[in-house]
Amino acid sequence: MKLNKLGMLVVAVSLIVGVIGCSSGNKGSQSSSPAVTNSPSSAQPSESASTPAVPAKKITISAITGTWSSPIPDPNGEGVKMMNEKFNIDFKPQGVPYDEYESKLPVVMAAGDLPDIIGMENVDANFVKWARQGAFLPLNDYIGQYEAFKNIPQNVWDAVTVDGKIYAIPEYFPSKYGKKPIIRKDWLDNLGLSMPTNFEELKKVAIAFTKDDPDRNGKDDTLGLGLAKQIVYGLPMGAGYDNTWYYKDAQGQMLPGNLSEGFKQQISVLHDLYAAGAISKDWALTKTADARKDFFTGKAGIFFEQPYDISQSRFKGLKEANPGAELAVIPPFVQEDGQQGFLSLPGYYQVLSLNAGMKNDPDKINRILEIFNYFMTFIPPDQRTPDNPDFDWQRGGIGKGYEMEDNTAIDIEGAASMQPYMYLSIPYWAPADEDTDPAGAVQEPFTKAFVQSTVDMLKTTKFYLDPTNRIHSDVYYAKASELNKAVTDYQTRMIVGNSPLSDWDKMVDEYMKKGGKEVIDDVNKQLQASGISGEWK
Amino acid sequence: MQHRTVPERLGEAINLAVLILAALVMLFPFYYIVIVSFSSYQDYMESDLLLWPKHWVLDSYSFIFASKEFIRSIGVTVFITVVGALFSLIMTSSMGFALTRRAWGQSFFMFLVLFTFIFSAGLIPSYLIVKETGLIDTYWALIIPVAINPFNLIVMRQFFMGIPEELNESAVIDGANEMQIFLRIIIPLSKPALAAFGLFYAVVQWNTYFSAILYLNTPSKWTVQVILRQIVILNDATNTLASAARDAARSAHMPPPETIGMAAILLATVPILIVYPFLQKHFAKGVMLGSVKG
């Protein structure tokens with residue numbers, strides 16, 4: 001009797017688990033989606049300088065883009081109606097959460113269901129493949145007439161060029177404002193140390209942070225460096241120490257950064273810091289969010305942060321818990337070749353392509369590009385007020401889409417569907433990164449001070465342009481992530497002490513044998529063919 | 001109560017202990033989610049492991065419920081769960097019954113069902129079919145393509161075959177046609193099976209996530225799992241190899257804290273848990289489906 005009931009229960013549970021397990025098989029998604037922001041574009045701006053008169057013919061423009069917005073603006077929202085009216089179009093946007101965009105877009109492409117505007121998150125293997133298969137319209141002949149596009153630098157155009165043809169309009173992202181190393185300046189002062197300028201000094205500082213009670217609270221509760229699994233963010237104190245194609249080997253071939261001597265220095269320092277206890281013992285299992293939490297709760301003294309689009313609440317929390325906290329960016333170390341500077345970001349984030357099917361309709365092509373141009377035309381931060389008609393219109397109108405607080409425009413919570421700019425989310429293309437005035441966008445004073453000092457410092461810092469952002473190597477796309485993972489795993493073991501640093505050459509050998517040689521050869525071939533090489537800016 | 005010897009009692013006690021331990025281990029993650037969802041962000045950040053909320057707050061829940069999209073998605077999901085489960089039950093039971101009848105094509109259709117049970121065509125052919133039938137961007141795209149689960153169909157058929165043939169024959173003698181046999185005899189006797197499969201289908205419908213994103217283009221039509229996933233993913237900073245730009249774009253939307261993710265998980269699973277006890281009495285019988293005759 002008892003056994004029967006138990007048996008029944010077990011069978012019941014396994015049936016349920018089976019069904020729930022099967023049903024969750026629906027979720028076949030990977031994270032990260034292709035780039036491209038949401039909303040289609042259309043219409044020409046009427047008041048700004050770059051817009052012609054409203055054309056007579058009403059055309060339909062559809063778009064599919066990935067988005068981080070939550071919630072996604074309503075395709076029948078007021079913002080869309082405003083765009084329809086201004087540009088004389090029938091706009092049909094489709095926003096897909098980035099989480100699933102990478103799964104949905106290929107399906108939609110394969111089914112032949114393509115809208116007029118296709119967004120992608122980054123230029124990747126799919127972009128190149130689809131461009132070569134003729135899905136996207138080449139834009140070379142059209143872009144010359146648009147003012148805003150003239151701000152786009154050559155290295156960014158290179159990124160969206162395949163076989164000499166430009167297949168997408170890139171969207172602005174500052175190249176200088178990626179994650180930079182930051183340090184608790186107050187801890188340096190408390191211990192009488194100066195800002196480190198090379199790895200030896202950095203090691204001493206990190207160990208002192210761990211052992212010498214820099215926060216002066218009498219407790220042994222501090223760490224030198226915050227580090228997360230997969231060696232995030234590591235210690236890239238300059239382009240020559242970062243994972244970028246910088247150095248050449250004896251034959252003159254460019255090599256990936258994570259195999260270079262510069263990177264080896266970084267790993268060796270991390271190993272020493274780990275051995276000295278300046279890095280948490282279980283860093284290899286720590287998520288980035290937790291490593292960041294360590295820094296912002298005052299436990300770690302060195303970490304990485306960017307001066308652009310950041311969470312003010314984190315900085316505020318740090319200052320409230322540690323009133324004496326001061327932050328500073330560690331300037332890049334001087335390299336053996338005499339250069340000094342950080343690695344630049346690709347300079348764009350998200351791209352917008354046009355459906356090749358409209359190649360016989362230059363009117364439609366131009367109208368779409370005009371819309372892109374309108375949204376992309378730079379409005380200086382001090383003019384982003386209701387007095388500027390374009391800005392006011394793009395943000396949905398004062399009081400409806402946004403409010404002004406302290407001379408800064410703040411979007412009204414939940415009013416995304418009222419704002420035309422939310423649908424395509426095309427950022428202004430700034431002539432220079434500093435023109436975006438990141439500090440102006442921040443209200444919280446501690447954060448603001450940090451951002452401004454960082455921007456000032458980076459204004460005069462040199463940046464290295466990774467040449468591989470500007471070419472397309474199929475071999476690289478196919479193999480790079482797997483190879484890199486193997487290298488990262490190897491280096492993780494080196495840091496923890498499971499493998500000796502002297503195994504470095506062995507690691508490089510394995511990389512070459514597993515297909516790395518082909519990757520390096522192909523990348524160099526592409527670089528030579530296009531005449532592109534690493535540049536300092 | 002049977003009289004047990006000491007060793008038997010000891011054995012039983014050990015069994016009990018092991019099972020209780022296993023149960024606690026399985027319950028703990030759930031318990032943790034409940035605790036964190038009712039804690040404030042400050043408390044969560046400050047402690048390494050929260051076992052009991054320092055302050056019971058409803059912040060996370062009010063954040064989620066404040067979202068219109070969430071409320072709407074609950075409505076959508078309830079709709080497809082109820083309608084979808086009913087529709088699936090009707091389709092599955094009628095097809096299961098049809099396949100118990102010795103008629104032309106019985107083995108042919110059984111073969112087709114088994115074939116789809118083992119092989120699946122994949123994403124693109126499914127999308128093409130839904131597109132060609134005009135179901136894209138409609139709720140029926142979430143109901144019709146998944147209406148019949150081959151496993152459920154086969155088990156249901158077995159169950160029907162377990163109903164004594166004499167009942168059917170006596171009905172035929174009384175002049176009943178197939179439809180009447182189905183409605184008046186088979187269905188009333190199959191309540192356990194229907195309850196069990198109704199619950200299975202309901203769970204599947206409730207969890208609809210990827211299909212919703214794939215087939216529904218309008219955000220207002222999305223199910224609750226999609227909306228909840230968006231809330232959680234925006235907060236998920238584990239994607240360490242993401243580019244700086246991506247990181248920035250994400251954090252620009254002020255990710256809600258982990259506590260909200262926990263509340264989201266709870267909201268996604270609790271409704272089904274609530275429904276379960278009501279069906280349980282039918283369900284316990286339904287477990288023996290197809291295995292015992294009479």
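Domain bounds, as used here, come from an automatic or database domain assignment. With that in mind, chain B of this predicted model is divided into domain 1, residues 6-59, and domain 2, residues 67-286. The contact between these two parts is a good place to begin. Domain 1 of chain B gives seven residues to the contact, and domain 2 of chain B also gives seven residues. On the side of domain 1 that touches domain 2, helices α1 (6-37) and α2 (41-46) of chain B each supply at least two residues. The largest share of that side comes from α1(B), with four residues. In character, the residues on this side of domain 1 divide into five nonpolar and two polar, with no charged residue.

Stepping back to chain B as a whole, its secondary structure is pleasantly easy to describe. Chain B has 14 helices and zero strands, and reading along the sequence gives the pattern α-α-α-α-α-α-α-α-α-α-α-α-α-α. Of the 294 residues in chain B, 33% are buried. Among the contacts in chain B with a separation of 6 or more, 74% are accounted for by residues 24 or more positions apart.

Chain A offers a sheet to explore. Five strands of chain A form an open sheet in the order β2-β1-β3-β12-β6, and their pairing is mixed. The edges of this sheet are β2 (89-97) and β6 (169-172) of chain A, each of which pairs on one side only. On average, and with direction ignored, neighbouring strands of the sheet are turned by 20 degrees against each other.

The edge strand β6(A) deserves a second look. Its partner is strand β12 (residues 348-354) of chain A, and the two pair in the antiparallel sense over three bridges. Within the pair, Tyr172(A) stands opposite Tyr348(A) in β12(A), so a reader can use these two tyrosines to find the pairing in the structure. Helix α16 (residues 504-530) of chain A provides a last example, since Lys525(A) lies in this helix. How exposed is Lys525(A)? Lys525(A) is partly exposed, because 14 other C-beta atoms lie within 10 Å; a residue needs 20 or more to be buried and 12 or fewer to be exposed. Lys525(A) also shows how the chain brings together residues from separate parts of the sequence: Lys525(A) and Gln253(A) are 272 residues apart in sequence and 9.3 Å apart in space, C-alpha to C-alpha.

Terms used. Residues are numbered from 1 along each chain as its sequence is written. Chains are lettered from A and ligands numbered from 1 in the order in which they are written. This is a predicted model: local features need pLDDT of at least 70, side-chain atom pairs count only at pLDDT 80 or more; totals for chains, interfaces and linings use all residues. Axes are lines fitted to C-alpha atoms, for helices over the stretch in contact, and angles run from 0 to 180 degrees between N-to-C directions. Ala, Val, Leu, Ile, Met, Phe, Trp, Tyr, Cys and Pro count as nonpolar, Asp, Glu, Lys and Arg as charged, and the others, Gly among them, as polar.
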